[in-house]
Amino acid sequence: MQFAASHAMSLGKPRLEYKIDDVRGQEQADALLGRQLRDLFSPEINQPEPDIEEAGIESSKAMGFKAFVYILILIFAVTGGVMTIHSVIATRQFMSQIPEEGGLQEPTLDEQARQGDMDAQYELGRILMIVQDFSTATSWFRQAAEQGHNEAMLALAINYRDGIGVRRNHDRAIFWFYQAGETHDPEIQAHIGWLYDSGHLLNQNYEQALYWYLQAARQDNEFSQVRIGVMFSVGLGTEVDDEQAVYWYKRAAAQGNAMAQGNLGARYAQGHGVEQSYEEAVYWFNTAALQGDTNSMVNLGMAYEFGLGVEEDYHQALHWYREAVELGNPSGINFLAAMYFYGRGVTQDFERAAYLFKQMPSTDSRAASYLGMMYEHGLGVHKDHNQAMEWYKRAGESAPWWVRGRSEMVPPFEE
C-alpha cells in the first residue's frame, strides 16, 4: 500500500498539494480532491431535476448521500491507510459545499479524462495508483502518454518496467523512457541517465548515461551536473578530464548543491583541474558543511587540525569531526579517534581512542593500523602480540609505512 502511494505521488508534479499561504487555492484544491474521491467511490447518478414541491425531500436525500459518501471514504482511509487525515478533512469540507440537486457543477476529473484531457487522464491515473487500481491507472497513463504527456510517459515506462498494472515488458519500458526523454524534461532525462549509469533495467552503459545526463545538465539539473563531474573525474563513459569535472561541479555548486561544493573543495585542495588553493578549498568545505555534507565536515576538520588554508585550531577540528560522527560519517570516527590518541584539543585518552577505532569496519586500513600498534604496545588495551599481528594483517598493503610488513614479524617485534 505504501509503495503504491509513494509511486503515484512521486510521478510528476503533485498538483493536489496545498499552499498554506493561499487559502482560496487550498479551498479549491480541497474541493477538487473531494470531488475526485466522490467520483471514484460513488456510482454515477443521473436524475431529472426535482419539482419545487419535492425540494425538501430531495434536500434530505442529498444530505443522506453526502453522509454516506463521507463515511465510506472515512472507513476506506482508516482501513486502507492511503489517505491522510488532511484528505479526510478536505473531503468533509467539500461535502458541505455540494450544491443542491439541479445546481451547476464543473466537469469531474473522470469526465474530463473521458473527454480526452491528458492532464486529467494523468491525474486520474495517479489517484488510481493510490487506491491500487493499477490496471485502470496504467490505462489512463497510456492514453495521456499517447497524447504526448511527458509525466504520463515516465509513469507508463515505470509500470512496464516493474510490471505494475500490466505485464512486465522490457522493450515497452525502454520505448516509453525514450519517448519521455525526447520531451526535453530534465528530470526525466536525468532518470534515464541514472538507469544507464546504475544498470537498473537498462544494460549499464556509461556513454549513454553521460549523453542523457548532459541533456539534463544543460538545463541546470543539479544531480546530472554532479554525476557528470564524477564521470569526468574518474573516466566513466569518457576520458578523464579534470577541467570538465571542475566546470560541472562549479555549475552545480552555484545552485547550492552541497555535494558539488564539497567535491569542488577537494579539487582545490588537490590542485586537480584548478590551481591549488587551500583557502578556496576551505571556503567550499565550509559552505557544504553548513548544509550538512558530512564528507566536507571531515575535510574541514582536517584543514583546522593541520592548518591548511586556516590557522591551526584543534577545537574547531574536534567540532567538525564530532558533527560528522553524529551524522554517521565513518571517516569522522577515524579522525576523532586520532585526536584522542594524540591528545589534540582533548586530554590524551588511549581507551577512548581504541573504542572509537573499533567502531570502524575491520577492513579499514587506518583504524586497523592504529589498533595493531595499540595492542603491540598496550596503549588503552592489554598488550597482546597475537591481536596486534591480526590487526596489522587487516591493515594490509594500504597501511602506513610504519605498519607494512609488521604482520610477518615474530613477536615481540618491538624495535
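Among contacts between residues at least 6 apart in sequence, 49% join residues at least 24 apart. Keep in mind as you browse that this is a predicted model. The chain is built with 21 helices and 0 strands, and 43% of its 415 residues count as buried. About 22100 Å² of the chain is exposed, and carbon and sulfur atoms supply 50% of that area.

**Helix H21 and its two sides**

- Let's start with helix H21, which spans residues 385-395 and has His385, Ala388, Met389, Trp391, Tyr392 and Ala395 as its buried residues.
- These buried residues lie on the same side of H21, because they cover an arc of only 165° around the axis.
- Turn the helix around and you meet the exposed residues Asn386 and Lys393, on the face turned away from the buried side.
- Helix H20 (365-377) is included in what covers the buried residues of H21.
- At the N-terminal end, H21 is capped by aspartate 384, with a side-chain oxygen 3.0 Å from the backbone nitrogen of asparagine 386.
- Just after H21 comes glycine 396, which takes a positive phi of about 65°.
- Tryptophan 391, one of the buried residues of H21, also has a charge over its ring: the charged end of arginine 394 sits there, 4.5 Å from the ring centre.

**Aromatic pairs**

- How many aromatic pairs does the count come to? The count comes to 13 aromatic pairs.
- Tyrosine 211 and tryptophan 212 make an edge-to-face pair, because their planes stand at 80°, with the ring centres 5.1 Å apart; the cut-off for edge-to-face is over 60 degrees.
- Is tryptophan 212 buried or exposed? Tryptophan 212 is buried, with a relative accessible area of 2%, while tyrosine 211 counts as partly exposed at 40%.
- Phenylalanine 341 and phenylalanine 350 are also an edge-to-face pair, with 5.3 Å from centre to centre and 70° between the planes.
- In this pair, phenylalanine 341 counts as buried at 7% relative accessibility, and phenylalanine 350 is partly exposed with a relative accessible area of 25%.
- Both phenylalanines belong to a cluster in which ring pairs link Phe341, Tyr342, Phe350, Phe357 and Tyr370.

**Arginine 344 and glutamate 305**

- The ring of tyrosine 342, a member of that cluster, has the charged end of arginine 344 over it, 4.7 Å from the ring centre.
- The side chain of arginine 344 also joins that of glutamate 305 through a polar contact of 2.6 Å.
- Where is glutamate 305 placed? Glutamate 305 is in helix H16, and it is buried, with a relative accessible area of 3%; the cut-off for buried is under 20%.
- Leaving aside residues up to four places away in sequence, glutamate 305 touches Glu312, Tyr314, Ala317, Tyr321, Phe335, Met339 and Arg344.

**Loop positions worth a look**

- Aspartate 313 is found in the loop between helix H16 (294-306) and helix H17 (314-326).
- At 27% relative accessibility, aspartate 313 counts as partly exposed.
- Which separations does aspartate 313 have from glycine 345 in sequence and in space? The two residues are 32 residues apart in sequence and 8.3 Å apart in space, C-alpha to C-alpha.
- Glutamine 132 is not a glycine, yet it has a positive phi of about 70°.
- The loop that holds glutamine 132 runs between helix H6 (118-130) and helix H7 (134-145), and glutamine 132 counts as partly exposed at 35% relative accessibility.
- Aspartate 220 likewise has a positive phi of about 70° although it is not a glycine.
- Look for aspartate 220 in the loop between helix H11 (206-217) and helix H12 (222-234), where it is partly exposed with a relative accessible area of 40%.

Conventions. Residues are numbered from 1 along each chain as its sequence is written. Side-chain values use heavy atoms; hydrogens and water are left out. Helices (H or I, at least four residues) and strands (E, at least two) are DSSP runs, numbered from the N terminus. Buried means under 20% relative accessible area, exposed over 50%, partly exposed in between (1.4 Å probe, protein chains only). Contact means heavy atoms within 4.5 Å. Accessible areas come from the Shrake-Rupley method with a 1.4 Å probe; for residues, only the protein chains shown count as cover. The arc is that of the directions from the helix axis to the C-beta atoms. A polar contact is a pair of N or O atoms within 3.5 Å; within protein, one must be able to donate a hydrogen and the other to accept it, and residues adjacent in sequence count only if both atoms are side-chain atoms. Rings of Phe, Tyr and Trp (its six-membered ring) pair if their centres lie within 6.5 Å; planes under 30 degrees apart count as stacked, over 60 as edge-to-face and the rest as tilted. A charge sits over a ring if NZ of Lys or CZ of Arg is within 6 Å of the ring centre and within 35 degrees of the ring normal.
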